[in-house]
Amino acid sequence: MAGTDLVAAPPRTTPGSSRTPAARRRLERGALYLVLTVIAVVMVVPFVWMILTSLKTPQDLAATPPSFLPAQWAWGNYAEALAAAPFLTYARNSLIIAVSHTAINLVIASMAGYALARLRFRGSELVFIGFVAALMIPTYTKIIPEFLIVRFMPLFGGNDILGQGGTGWLDTWWALIVPGAVTPFAVFLFRQFYLDLPVELEEAARLDGVSELGIWARIMTPLVKPAFITVALLTFESSWNNFLWPLLVTRTDSMRVIQVGLSVFRTENDTQWAFLMAGTTLATVPMVVLFLLGQKYFVRGFANAGIK
Amino acid sequence: MELSRRNFLVAMGLGTATVMAGCATTSGSGAPAADASGPAQGDITFLCALFEGATGKETLEGNLLKQFKEKYPDVNVTVDYTDYGSLNEKITTGLASGLMPDVVTLGVGWIPPFAYKNAIAPLPESLATRYTYEERVLEPSRFDGKLYALPMVLDTRIVAYRKDFFEEAGITAPPKDWAELREIAKELTVRDKDGTLQRAGFDPFSIDLRQCWETFLFGNSGELFSADGREVLFDSPEGVAALQLFLDMVADGSADFALTTEAGQPTTLQQGTSAIMMTNNSLYVQLQQQNPELVDKVGTFVLGNTAPAMLQGGTMISQSASSKNPAAARALVEFLGSPDAVLVASEQRGSVPAISDLRDSDYVKGNPMVAFALENLGKARSEGGTPAWMEIREKIKPTLETAVVGQQTAEQAIAQLAGIADDAIARL
């Protein structure tokens, strides 16, 4: 009869893996930090390069091979860039437009997304297909028709009821904020998020007598925060960086935005890189500040989105 | 086909503009002359693609428009700044919506399209003779025999070379034709032991390929269009040969499409990675700012194969045909076309003043490349020449590039381009 060997077998070891679990964890953590450091450097280098370029003289910019640090720190580039145009006004305008777009998009697009996802009404599928189709229209094909709508807006800017005689919404906040405030992409995204929520929540709320607006605002919307954070970030960023539309619908400095202002440094024959980078650095500051203020929420939002 | 912002805008915008503008007037017969006989007064807008850069706004509004205001106190000018790349879109949307700016800056080649669409008003012929202009300079300001614009600044495409590289190789004079160019370029091309290109003999690709090809087309006695702008002529053997020259130089290793530099970057000539390059007269200002040690080492010449030719770009000033204050708009056009304004604008951006009388100014004397361009304005040729130019010009570069990167032959690329141009002209 074969006896049972009660002595536990020694742990199997393979050559080269004699590290303790703690040592292995340290090694893994070290490798992780190394990879993260490399990624962080790759992400940060363009910004550092932008700031360093903004502080270079024309001779430094022409150096072959390019120098990393300026030989002479040209802090005056910032003063000269700021003197070229009213950049504070441009930045204020960009901020107003970006915040307005973000707020409007979050409210209207989430309502539309909720309606398309949770409410049954005749033609809802058709409306949704319309939104999806709108996603596929290239932006630039819409510019001329949108411009004409803005220009002939009745009863604005001296226009009569038929939209004639004045300038409509041109060179006003209306033209800068209303067109493009609600994006089909945001509606689509919100619809997909609302679709995934359990129907029991909605039904329970209805049984408790909560209105449809209340269900959207108090029951369902708090559960799709990641969608709100994603849409908010994308809307703010795209609005802040918009160039062509603000250029077309405005003509006075008081209505111009930061990206249009920065284009002054790109001339037909030349680009004044140091001034452009100085202006771009300043234009980037609000976005960086925004992120620093809200990074806890952003990270949490993306983490939740990942879990979802 | 390349799907770009401009393609869409040109196709849709000008189409819309034609419908909108065409409702009131007929195209092709020229706009009615604006009545500018009254007193210069009222509010006008000036769509401006000049006076860019860090000092542009101050130069225009702090200097020139103050002088204008002193002369015309009852005229209020609102300046609508735009970059040159978006100028066409601004004009197109303005035209489509019936809100054309009173005074506009236009590029060389742009007069026929916008005059044909009655967007701009003819100017009195007397403005063509009040100062001395080279006839070549005024050519792009005319359409259908009438003057529609006053030239302000010119940007010429010339050939620049490194004198020190020529001296090292014992070459005493710049090439006189394409055969000499190819020989010299081969001689000046430098490769390391591995065969990696260290210095190209010739860099034709650091300026817009459209403008570069046009320069060589004209230098080979070719033409873009017939005099009435209704027939494509660039698909001639001269046009094909101009493009083939670039392909041959890439093939023999004396040119490299990968060497292109962006505007504002140190050019290949500055970096020493080319010995000869196509460039713009504004290179001199760039040299002064970035590489003052190279100022004396860079020379310029006008190249041709059968006829020396220098491409002339530039910016002109024109008056809207629908201005509500035509006298005020005319006053601003005349003011901006005067020597004082032209000189200030040229100096601010390193361009060539369009008025020949200014060749004795300190600015021209102090800028050898500008002086060189002024001396050679008799050899200047301009692009455009057809009312369909705005649509055609955007297609030239991408079509030519297909040949440079080997997707099709030079003959095929030029034939494709001619087809596009024929279609655009047929739609007029």
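This report describes a buried strand of chain B, the two domains of that chain, and one exposed residue of chain A. The model is predicted, and what is said below should be read with that in mind.

**Strand β11 of chain B**

Strand β11(B) spans residues 310–319, and because 10 of its 10 residues are buried, the strand is largely enclosed by the rest of the structure. The covering extends to both faces: on one side Met310(B), Gln312(B), Gly314(B), Met316(B) and Ser318(B) are buried, and on the other side Leu311(B), Gly313(B), Thr315(B), Ile317(B) and Gln319(B) are buried as well.

The pairings of β11(B) with other strands of chain B are set out here, each with one bridged residue pair.

| Partner strand | Sense | Bridges | One residue pair |
|---|---|---|---|
| β3(B), residues 103–107 | antiparallel | 5 bridges | Val103(B) with Gln319(B) |
| β6(B), residues 149–162 | antiparallel | 8 bridges | Asp155(B) with Gly313(B) |
| β13(B), residues 380–381 | parallel | 2 bridges | Ala380(B) with Met310(B) |

Read along β11(B), Gln319(B) is the bridge partner of Val103(B), Gly313(B) stands opposite Asp155(B), and Met310(B) is joined to Ala380(B) of β13(B).

**The two domains of chain B**

The domain assignment of chain B gives domain 1 as 5–155 + 314–377 and domain 2 as 156–311 + 390–426. The centres of these two domains, taken over C-alpha atoms, are separated by 29 Å. In the contact between them, domain 1 of chain B takes part with 22 residues and domain 2 of chain B with 16 residues.

On the domain 1 side of this contact, the elements of chain B that give two or more residues are α1 (5–24), α4 (111–116), β6 and α15 (368–375). Of these, α15(B) gives the most, with 5 residues. Strand β6(B), which contributes to this side of the contact, is also the strand that pairs with β11(B) over 8 bridges. By class, the side of domain 1 of chain B that touches domain 2 of chain B has 12 nonpolar, 7 polar and 3 charged residues.

**Leu195 of chain A**

In chain A, Leu195(A) is found in helix α8(A), which covers residues 184–195. Leu195(A) has 12 other C-beta atoms within 10 Å and is therefore exposed, since a residue counts as exposed at 12 or fewer. Leu195(A) and Leu148(A) lie 47 residues apart along the chain, and their C-alpha atoms are separated by 37 Å.

Key:
Residues are numbered from 1 along each chain as its sequence is written. Chains are lettered from A and ligands numbered from 1 in the order in which they are written. This is a predicted model: local features need pLDDT of at least 70, side-chain atom pairs count only at pLDDT 80 or more; totals for chains, interfaces and linings use all residues. A residue is buried if 20 or more other C-beta atoms lie within 10 Å of its own, exposed if 12 or fewer, and partly exposed in between; C-beta atoms are placed from the backbone. Helices (H or I, at least four residues) and strands (E, at least two) are DSSP runs, numbered from the N terminus. Two strands pair if DSSP finds at least two bridges between them. Domain bounds come from an automatic or database domain assignment. Two residues are in contact if their C-beta atoms, placed from the backbone, lie within 7 Å. Ala, Val, Leu, Ile, Met, Phe, Trp, Tyr, Cys and Pro count as nonpolar, Asp, Glu, Lys and Arg as charged, and the others, Gly among them, as polar.
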